[in-house]
Structures are given as structure tokens and as C-alpha cells.
Amino acid sequence: MTQTKLRNIPRILCAAGLLGAAMAPAHAALNPADTSVQMFRWKWNDIAKECTSFLGPQGFGAVQVSPPTAAASLGTWWDVYQPVNFNSLKSNMGTEAEFKAMVNTCHAAKVRIYVDVVVNHVAAGAGTATDGSTWNSSSLTYPFFSASDFHPACDIAGGDYGYPGNRNNVMVCRLSGLPDLKTEGSYVQGQVKTYLNKLVALGVDGLRFDAAKHMQPADIQAIMSGVTSTTTSGEPLWVTQEVIPDSNVVRSTYFAAGTLNEFQYSYALKAMFRNENGASLSQVRTIMGTPGNWGGTWGFIPSDKATVFVNNWDTERNGSSLVASNYVAGSINDTQGTKRYDLANIFMLAWPYGAAQLHSGFRFTSYDQAPPSASPFDANGNPVINQQWDFIHRWSDIANMVAFRAVTRGQGIDNFTTGTANQVAFARGAKGYVAINNDSAPWNVSLQTQLPAGTYCNVVQGQLNGTASACTGGSVTVASNGVISVSIPGNGGSTVPAVALHVNQKIAGSGGGGGGGTCTTVPVTFRVANANTAFGQNLNVVGNQAALGNWTPGAGTQMTIEGSGANVPWSSTVQLPPATAIQYKFVKVGASAVWESNQGTASGNREATTPGCGGSLTLDGGSFRN
């Protein structure tokens, strides 16, 4: 939801979202819920077709659809965010019968449906809505609502969002002149509950509250207390809320009702991939934090409370994110002469933060441009990609990462490696590995993975053929020691400069290579607890090996926290030379380095000997020694 009054006609800039307070286990009949896609302004019949022909088979867990209520019809992209009649599901995307058919068809294809709901406000001006009902904002005359159901007229000013600002005005005054519903009132809450329960009864699997920041958190909780909490598929109803950060809103007050759209994520990706204000991809762990210790310098909310996206229909127009479909004169497009947009989506689907959502909408050359009148499919039912509708969810380098995210779910971040400031690589445990080159120069490098030896398809370029005997695109061989040697072109050509491997895309019967029976490294897992870390601190393992930073605290291997709290264990697996005596210590790294005290050894350091080839070792250090 935008915080700015927009020219002559109020319009709503709404952020994408989807999920509820906790990630539910996937229903047996549905795909894993790891990745969803916003299909902005797609009609119900077209979404149903796409669920069957692509989204279901590709493994997508859900589609988020645009608001289905009867609304103003103004010939713009934003008119669906000006509802008129909550009791009617006749919209510019289709009828209630078509909506129900879409839900049923997508469920049959194993895909959930999430709905963007707008209940903070109603349409401005006057006219006839998509279902034939009329409204007038001057007299506050709407179907099922009258003047007593609205807050007194006042407009939110830009300064209300800043410091010291006025949080009350943000919640009770009008956003861009739109009449603000009295959502604390029992009658309004009853109307909203009736609407949401109708959606759940039709089979809807999740709700996204548009403009949640402009509602009291307690109002959303009260509404949800009267909404059916279990879907027709037998899963918990998922809920997320649009709460754009500002100087006054306390985002954690909304957690009781569901997750939040984490706009910081979109802002950070834009800064890192465009190298704004000195930011770069190599800084991601500092900016966002790490598994079990999310937050970072940008103050990210906990991962289980976040829905993330590279862009949505708002951010691609207001300049706050990377974009693919904005062709407005003078605007930056992150697909023109660069693969930044592709790389950011690949990163999002590989990085274990939040619930990931792709965006698929339409190309536009002017800000207010309405969605195309033409179907996304030609007369033969084939998708017409990258012409009017962008079909980003079908771009193969991005679509193939849906399975990667599902396969690597629950894995941490290991073997994080950087080349230049714009080149990063990391393992997702022993399930997957990703390397991304956002630099103009090629990246020729050997990288340590934790994957079993064999030949894997680079899913950025293709997948296994029908017999799993070869790849339709490029492949990468993992040696017996887990090392890969890759040459990733610079960002600027026609090739998407990334490598993504996962265990479900290994050529059948393939073995190791480049290592034979002799290894150069073996896996050693380091673990320690009771470090009494403070917010902003990470724990590194540092020692007398190159992989341990050669005693340089910031160059050591950053460990992953196993839970939350100051004293929970931290761990990391590092590839080290076999049969080698090593020395190491644990170091708290933040504003300054805090080393462990000396150990009871001759060197004063922790000491061990790595195993021989084929072996592995876990070094449980007990407690951090202060």
C-alpha cells in the first residue's frame, strides 16, 4: 500500500504476500508450499489453465490472485484495490462461478489459491462497480455500508509516517482519499468475516491483508478469530499482511495474526544487485543475518514471519525494487543488458529466508496502464511469453529453482564463498549448491560443495532428460572430494551467469570425477554452545588452515546458529586437508572480535587431527570458553 497521494485519482499500491503464522506441512494432495507466484491481474479461467498445464507439474505450491471482490472499473491496473461490494465476487477477472472453478482446477493440479483481500477501505468517487452496484464516497453510500461504518474524514499526510509522525492518523485517516472503514466496529468486522469465510468455503487456502499497516493489529486479530482456520484441503489457513516499514509502525505487533510481507528483502536485493550505496551481494550475511540469527544490519524480521519477493506490482512501478516488466521511458529495467533480475530470483529461491513468491504480471509502458485485454494464450492454447504478459514464472532458469527450494528446505548455509564483491557461492547442506556471478568479469573457480560425487544438471540451464541419462542443458561434475570447477561468464551477455545443482538432478549412475581414489579434503563439523552472543554477533571458527581463515577472525568460517537465544549451539561443516593436525578457536564476530580464552593445551588453542580420505569428523567443543 503506497504512502503517497497519487496524482488526480486515488490508486492503491499494494504489496504481495501470502503465508500464515507457521509453515504447515503440505497436504498429501498438494505440492510443497515452498514457492508461490503472484499472477497479477490474470483472469480466473487463464489461471486455471496455467495451473493444469504448467504450475502444478512444475511444483509450484500456490498462486496468489488479485482481489476478487466487485470493485471500481477505471481502466487502470490499480482499480481492483478500490472495492465496492464485499458480498459480490464479480470482478474484471471473472465471475464467482469462474473463481470457484479455478480453485477446483488448481487444487486438482496440486496448487493452492491465496487471495489478496482489501478490507481497510473502499472506492473513492462515485460510479457503477463491476457487478452493477453503485457507490458514492461523498455520501458514503455503498452496498452493506453506510456513513456510520467509516472513520471521520481526514487524510494521511506524508509526515505521519516519519518521526515523530502520527501512527493514529495512519490507521484511521484516508489513504490517498479512500474512505476508511471502521474496522474496530462489530458490524464492519462481521461483514469482513462473512466475506473471508465465503472465500474459505470456496476452497481458498490463504489470505493476504492489503494495507494491514493502516489497520489496528487488534482489529485483524478480532476478524481472524471469527474466520474458519482450516481449509477445505485440511491445512491451516495461511495469512500474511502488508506492513511496509516506517519510523512508527512496530511490525512485531502484527505477528499474532500471521506473517508479514518483508519489504526490506526487496529493497536489499535491489541495493545489492545494483551496487547502490556501496552494497554488494557478498554483504548479504551482514545485511540479512544468517539462519537462526536473522536480522542483520537492516533489521530483518524472523524468517518464519516473512514472505519475500524480488518485486510485486507496486514495487515494479514505484522504483523500490528490481524490475522486469517496467518499460516506462527513463526507467531502469533489470533484464536489459543484464541478468540481474534473473539472478535475484535464483538467489531468493536458493537462500533459506522467508516464504518465497515469484511475480508474474504484464509489461507496461505507462504508469497507469491497464492489464492487456488479450489472453495470455494464443488461439491454440500456447503461452505468449514476453510480449504482453511477461510469464516470468515460466522463465526456465527461474522455474527450475522451484524444485531446488523444495529439495533444500530445512538445510542451512554452508561453505559460503566469495570471489569479487559481486560473486557468491554457498551450499545448502548436502542437498544443493549455488554460485552466482553478478560481476562483469567471468568467474573461473574451484568450489567446495557437500554434494555426493557425480554429474549434475545445472538447473539454470536445463534439467534431466526423460531417462535421467543426460541433461538438457549444461552439467557440472562433483569430484569425490565434493569440489566442482566451474567457469561462469560475466553478467552482461545472453547467458544467465549462475550454477545451481541439487540432488534430484544427478545423472543416473554417474560417479565422481577429478579426484579418483585420492581426496584433497574431508568434512569436519565444528560445534559449540553457550557463547552468550548478543544481537548482531555471529560465531566463526578460526584456525591454522586456509579454510579456517588462517587465524583472521573475519575470514574464518561463519557458523550457523541452531535455534534462537544467546546460548544455543552453533555449527558448521568445513572441508579440510585429510590426516592433518589442526588448531582452532571459536570467535564472536560483530563490531569487534571476541576470542575464546586459552584452552588446556600446549598451544592454548583447540587441537585435533582430521580423518583420512573417506572419513568425517565432528568436533563438539562443548561450551564457548570465556
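**Strand and helix arrangement in the predicted model**

An open sheet is formed by 4 strands in the order β26-β27-β23-β31, and its pairing is mixed. Pairing on one side only marks β26 (560-561) and β31 (617-623) as the edge strands of this sheet. The model is predicted. Within the open sheet, strand β23 (residues 522-529) runs antiparallel to strand β27 (residues 570-576), and the two are joined over 7 bridges. One position in this pairing is P523, whose bridge partner in β27 is Q575.

A second strand assembly is closed. Here 8 strands form a barrel, ordered β1-β2-β5-β8-β9-β10-β13-β14, with parallel pairing. From one strand to the next, the twist averages 30 degrees. Strand β5 (residues 112-117) and strand β8 (residues 206-209) run parallel and are joined by 4 bridges. In this pairing Y114 has G206 of β8 as its bridge partner. Strands of a sheet pair through backbone hydrogen bonds, in either the parallel or the antiparallel sense.

Helix α2 is placed against the barrel strands β2 (62-65) and β5: the helix lies across both and runs at about 140 degrees to β5. Helix α2 also takes part in a salt bridge, in which the side chains of K198 and E96 meet at 2.9 Å, N to O. Because K198 belongs to helix α4 (residues 186-201) and E96 to helix α2 (residues 96-108), the pair ties together parts that are 102 residues apart in sequence. In the whole structure, a search finds 17 salt bridges. Side chains of opposite charge can pair when their charged atoms come close.

Helix packing was examined for α6 and α9. Two packed helices are described by the angle between their axes and the distance between those axes. For helix α6 (residues 263-274) and helix α9 (residues 340-350), the angle is about 130 degrees and the axes are 11 Å apart. The two helices are therefore oblique to each other. The crossing in which α6 passes α9 is right-handed. On the α6 side, the contact involves Y265, L269, F273 and R274, which meet R340, L343, A344, F347 and M348 of α9. By class, the residues of this contact comprise 7 nonpolar and 2 charged, with no polar ones.

Methods:
Residues are numbered from 1 along each chain as its sequence is written. This is a predicted model: local features need pLDDT of at least 70, side-chain atom pairs count only at pLDDT 80 or more; totals for chains, interfaces and linings use all residues. Side-chain values use heavy atoms; hydrogens and water are left out. Two strands pair if DSSP finds at least two bridges between them. Axes are lines fitted to C-alpha atoms, for helices over the stretch in contact, and angles run from 0 to 180 degrees between N-to-C directions. Angles under 35 degrees count as roughly parallel, over 145 as roughly antiparallel, 65 to 115 as roughly perpendicular and the rest as oblique. A crossing is left-handed if the near helix is turned anticlockwise from the far one by less than a right angle, and right-handed if clockwise. Contact means heavy atoms within 4.5 Å. Ala, Val, Leu, Ile, Met, Phe, Trp, Tyr, Cys and Pro count as nonpolar, Asp, Glu, Lys and Arg as charged, and the others, Gly among them, as polar. A salt bridge is a side-chain nitrogen of Lys or Arg within 4 Å of a carboxyl oxygen of Asp or Glu.
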